[in-house]
Amino acid sequence: MYKKQMRFQKVFCLIALFASVLVFIYSLGIMTDLYDTLYTTMMDPTNIDDTWVPGSQVYYYMQGFNKNLLSASIVMILLAVLLFVTNTDKRRKYYVANYVSTGLFSVFTVCLSFWAHSNIQAFRAMWKAVDFAALRDFADMFKSAYTESTFWFDIHYLVFGISLVAVCLLVFNVYWKICLMKEEKRLVEGGKTA
């Protein structure tokens with residue numbers, strides 16, 4: 001039973017690393033449509049109220065959030081790497097470092113997911129409030145990009161959903177490991193070999 005569990009724990013740690021990299025890539029891409037369509041609408045970037053398109057300020061409002069999301073995604077990657085540094089992916093018995101690394105990754109990822117979701121939903125509402133008729137006229141006049149797509153806002157459900165699945169798998173793995181360690185201890189105390 002240990003061999004099967006150890007095979008899965010490696011997969012679970014790899015999924016956690018994959019989820020972290022996915023959040024990092026998402027943080028790099030979330031501003032793509034906003035930059036392409038809204039940046040040039042600002043008459044004076046030092047005065048965000050001086051714009052051709054009402055509502056285009058959302059691009060500037062998202063800058064701080066995007067910077068924090070990028071930093072948080074790097075921390076998430078480091079916490080996923082910590083799973084491998086502490087041998088959480090291949091250790092037969094878990095020690096304090098394994099529980100700590102799993103706990104840190106899990107708590108951080110859950111908090112990041114809820115924080116990102118609430119902010120992204122608020123910015124999505126701001127994006128939907130942009131005057132798209134004025135934006136279309138601006139795009140036609142200056143031959144710039146135009147989109148009404150909410151793709152980068154909506155895809156966060158998938159990105160952070162995968163992250164939360166990774167957390168669930170890691171927590172399940174810890175539970176499974178504890179059950180196996182208790183069973184092994186019971187067998188050893190009973191004079192049998194595991």
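## A helical model, from its loops to its core

Lys-143 is exposed, with 71% of its area accessible in relative terms. This residue of the predicted model sits in the loop between H5 and helix H6 (151-154). Its backbone deserves a look too: phi of Lys-143 is near 55°, a positive value in a residue other than glycine.

Asn-87 makes a good companion to it. This residue is not a glycine either, and it has a positive phi of about 60°. You will find Asn-87 in the loop between H3 and H4. Is Asn-87 buried, exposed or partly exposed? With a relative accessible area of 24%, Asn-87 is partly exposed, because buried would mean under 20% and exposed over 50%.

**The nonpolar core**

Let us move inside. The largest nonpolar core has 38 residues, and Met-62, Phe-105 and Phe-160 have the most contacts within it. Six helices each supply at least two of the core residues: H1 (2-29), H2 (32-38), H3 (58-85), H4 (96-128), H5 (132-142) and H7 (156-189). Which helix gives the most to this core? That is H3, with ten residues. As background, nonpolar side chains in soluble globular proteins tend to be buried together.

Phe-105 is a handy residue to display with its surroundings. Beyond its neighbours within four places in sequence, Phe-105 is in contact with Ala-16, Ser-20, Met-76, Leu-79, Ala-80, Leu-83, Val-167 and Leu-170.

**How the helices pack**

Three helix pairs can be set side by side, with the angle and axis separation for each.

| Helix pair | Angle | Axes | Handedness |
|---|---|---|---|
| H1 and H7 | roughly 155° | within 9 Å | left-handed |
| H1 and H3 | about 165° | 8 Å apart | left-handed |
| H3 and H4 | about 165° | 10 Å apart | left-handed |

Start with H1 and H7, whose axes come within 9 Å and cross at roughly 155°. That angle makes H1 roughly antiparallel to H7, since the cut-off for this is over 145 degrees. The contact of H1 with H7 has 22 nonpolar, five polar and three charged residues.

Next come H1 and H3, which pack at an angle of about 165° with their axes 8 Å apart. H1 is therefore roughly antiparallel to H3. From H1, the residues in the contact include Ala-16, Ser-20 and Phe-24, while those from H3 include Met-76, Ala-80 and Leu-83. What is the make-up of this contact by class? The contact of H1 with H3 has 19 nonpolar, four polar and no charged residues. Several names here will be familiar: Ala-16, Ser-20, Met-76, Ala-80 and Leu-83 are also among the contacts of Phe-105.

The third pair, H3 and H4, packs at an angle of about 165°, with axes 10 Å apart. These two helices are therefore roughly antiparallel to each other. Their contact divides into 22 nonpolar, five polar and no charged residues.

**Three buried residues to look up**

Phe-12 belongs to helix H1. At 7% relative accessibility, Phe-12 counts as buried, because the limit is under 20%. Setting aside neighbours within four places in sequence, Phe-12 is in contact with Leu-169, Leu-170, Phe-172 and Asn-173. Phe-12 and Cys-168 are 156 residues apart in sequence, yet 9.4 Å separate their C-alpha atoms in space.

Thr-37 has its place in helix H2. Is Thr-37 buried or exposed? Its relative accessibility of 1% means that Thr-37 counts as buried. Apart from neighbours within four places in sequence, Thr-37 is in contact with Trp-127, Leu-135, Ala-145, Tyr-146 and Thr-147.

Ser-113 lies in helix H4, and this serine is buried as well, with a relative accessible area of 5%. Which residues is Ser-113 in contact with, leaving aside its neighbours within four places in sequence? They are Phe-160, Ser-163 and Leu-164. Phe-160 has already appeared, as one of the residues with the most contacts inside the core. Another pair to check is Ser-113 and Gly-64, which are 49 residues apart in sequence and 17 Å apart in space, C-alpha to C-alpha.

Notes:
Residues are numbered from 1 along each chain as its sequence is written. This is a predicted model: local features need pLDDT of at least 70, side-chain atom pairs count only at pLDDT 80 or more; totals for chains, interfaces and linings use all residues. Side-chain values use heavy atoms; hydrogens and water are left out. A nonpolar core is a set of buried Ala, Val, Leu, Ile, Met, Phe, Trp, Tyr and Cys residues joined through side-chain atoms within 4.5 Å. Buried means under 20% relative accessible area, exposed over 50%, partly exposed in between (1.4 Å probe, protein chains only). Helices (H or I, at least four residues) and strands (E, at least two) are DSSP runs, numbered from the N terminus. Contact means heavy atoms within 4.5 Å. Axes are lines fitted to C-alpha atoms, for helices over the stretch in contact, and angles run from 0 to 180 degrees between N-to-C directions. Angles under 35 degrees count as roughly parallel, over 145 as roughly antiparallel, 65 to 115 as roughly perpendicular and the rest as oblique. A crossing is left-handed if the near helix is turned anticlockwise from the far one by less than a right angle, and right-handed if clockwise. Ala, Val, Leu, Ile, Met, Phe, Trp, Tyr, Cys and Pro count as nonpolar, Asp, Glu, Lys and Arg as charged, and the others, Gly among them, as polar.
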